[in-house]
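Grab your viewer and work through a few exercises with this one. Try each task yourself before you read the solution under it.

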Amino acid sequence: MSKRQHLTLLMACSLALPTLTMAQDDGPKFSFSGFGQLTVAKVLGGTQRPYMEWNCPCAIQNWEYVGVYEKSKGWQADQESLLGLQGSVRLNDRFSATAQLLSRANNKSYRPTLDWAYASYAINDEWTLQAGRKRIPLYYYSDFLYIGTAYPWVRPAPDVYGWPIYAYDGANLAYSTAVLGGRWTVDANVWAGGFNFKNAPYDTRIYYGDPTDEKWRNIFGGYVTLSNGELSGRVMVMSFNNDQRTHKADGTTSINMDGYKTTIWGISANYDGRHFIVRSELNKFSQQVSGFTYNYFLLGGGYKLGDWTAMYTISRYRTAENNLGFAIEGRRTRSLAIRYDLNKNWALKAQYDISKDQSQYDFFGDHRLLSFSAQTSF
Amino acid sequence: MAAKSRIALPLELAVKRHPNMPWRVCALALAIAPLGLARADGLVVIVAANSSAPKLNAEQVSAIFMGAAKSFPGGEKAVPIDQTPGSPAYGHFYNQVAGRTEAQVKAYWSRMVFTGKGTPPQDGGDAAAVKKLVAGNPNLLGYVDASLVDGSVKVLSEIK
């Protein structure tokens, strides 16, 4: 699909789908909505060396499906552009079902994947039980990572948002209520399940070269968010057993991780004033046996003026010494992003990133990246 | 030209006689300017006349319309009704109550809709349609121009 075809499809959907929304008074109510983005970016400079399949200078901007821009390829629109469509059916006041298809440029040439498919039962006004497939609400932006209109950047800092597993099959119990006379809201969620990702691009393409399966078993997680419309604070913890196997070209299979107990913690604090914005996240990944530890954060400040938002953000991740002898990996990035709300459905964004690779082995290297993105939700 | 002179002359004379006049004219213009926007500035949050819902402050109104609160402070179910997105009343209401532009409100609901956390208020149409809906159901609340308030509804909050 060409860039023009992709943009045409996005615009057609944004215009047509609202008219397809059905809202019958009786019986099931169907609704359709969607989101998408056309993102073009160019690596302006960086470390010159090859890494895996890439001819660097290059910039990894999406870890889940491995979106990597290469300087030698000039302007690229085929790494992060995507289209998502969601359909929901509400059977009554309590029960509904939702499915979401996502088509990504860098995932098998736009072949749609089922990212969300879940049933929802509202126990009462505060408690909701959901079961099926959902994105893991790991960090603040994890479960809406691709809803570009919902954040100020072209994409949330890749230094923070990068794991091989992004979804789980299981169930969750959500709680939401107003407290302190309605001035604050408590939003809490606990979830349990697992996910098996055969030939996970993150593992196969970035680290091992050979097809590698990633499985997260016995996922148990929960978060609590307290917000008042301007200020919000969030605390999250999740644990799981991590399996990882690589199928080598000689026919053998190596077990890289055998159910290693892993825990991820995350805290975030944000401020959304009429003009000023602050975004902060601090997270930690810790794994038993392998001793893998990741520490990572983002901190950003911005200013809104009418339809314009400017945002300056720093982010960093770094691993530590581990029992498997893998060299330390790390990166530090500074970003300047500008957002313009063209209308209620479209946001136009530009972003400039300067990123320093602090790994103690030849990883992707440094990069300077310029990105433009038209992002919509409809 | 003659007409222009007739209009301009009194002001020129006035300025010569009263050097501070331009400032006073500007001050007067600024003072009366909001009168032209009185209709847009006079939104009120309404419920049915037979509703037992208590008065609401701006934060409580925001919590209900942004999906954070599902009930009135008294405990009764609260179902917000919007005027049509894109209407002046919709933009003014969310700017005053939640401090968000229409695009920012849409962005907020996009996040909620695509993560299964909620859906935006139902579009009730124009002010008259919203008032009619609200008047017929004590669980509904909406916002209309103050001039439309009659005996079928009561005011819970005034939107400055």
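## Exercises on a two-chain model

**Exercise 1.** Start with a charged pair: find the residue of chain A that forms a salt bridge with K117(B), and give the distance between the closest N and O atoms.

*Solution.* Bear in mind that this is a predicted model. Go to K117(B) and look across to chain A: the salt-bridge partner is D143(A), and the closest N and O atoms are 3.3 Å apart. That passes the test, because a salt bridge needs the side-chain nitrogen within 4 Å of a carboxyl oxygen. Now count over the whole chain B and chain A pairing, and you get two salt bridges. For polar contacts across the interface, the rule finds nine residue pairs, with both residues at pLDDT 80 or more.

**Exercise 2.** Work out which helices of chain B each supply at least two residues of its side touching chain A, and what kinds of residues make up that side.

*Solution.* First, pick out the helices: they are α4 (58-65), α5 (88-97) and α6 (102-114) of chain B. Next, see who gives the most: α6(B) has the largest share, with nine residues. Then sort the residues on that side of chain B by type, which gives eight nonpolar, 10 polar and eight charged.

**Exercise 3.** Put numbers on the interface: how many residues are in contact on each chain, and about how much area do the chains bury between them?

*Solution.* Contacts come first: 26 residues of chain B meet 36 of chain A. As for area, the two chains bury about 2,400 Å² between them, and 48% of that is on carbon and sulfur atoms. Zoom in on chain B's part and three names stand out: K106(B), R111(B) and F114(B) supply 28% of the area chain B buries against chain A, more than any other three residues.

**Exercise 4.** Find the members of the largest nonpolar core that touch the most other members.

*Solution.* This core has 59 residues, and the ones to name are W163(A), I206(A) and F364(A). Take W163(A) and skip its neighbours within four places in sequence; its contacts include W63(A), L138(A), W216(A) and F285(A). There's also a second, separate core of 27 residues, with V61(B), A68(B), Y90(B) and Y143(B) among them.

**Exercise 5.** Is S88(A) buried or exposed?

*Solution.* Find S88(A) in strand β6 (residues 82-90) of chain A. Its relative accessible area is 17%, so S88(A) is buried, the cut-off being under 20%. Its side chain makes a polar contact with the side chain of T98(A) at 3.1 Å. Leaving out residues up to four places away in sequence, S88(A) also touches others, including K29(A), F30(A) and A97(A).

Technical notes:
Residues numbered from 1 in each chain as written. Chains lettered and ligands numbered in written order. Predicted model: local features only at pLDDT ≥ 70, side-chain atom pairs only at ≥ 80, totals over all residues. Heavy atoms only, no water. Contact = heavy atoms within 4.5 Å. Buried area = accessible area lost by both parts, 1.4 Å probe. Polar contact = N/O pair within 3.5 Å; in protein donor to acceptor, adjacent residues only side chain to side chain. Helix = DSSP H or I, 4+ residues; strand = E, 2+ residues; numbered from the N terminus. Nonpolar A, V, L, I, M, F, W, Y, C, P; charged D, E, K, R; others polar. Core = buried A, V, L, I, M, F, W, Y, C linked by side-chain atoms within 4.5 Å. Buried < 20%, exposed > 50% of the residue type's maximum accessible area, 1.4 Å probe, protein only.
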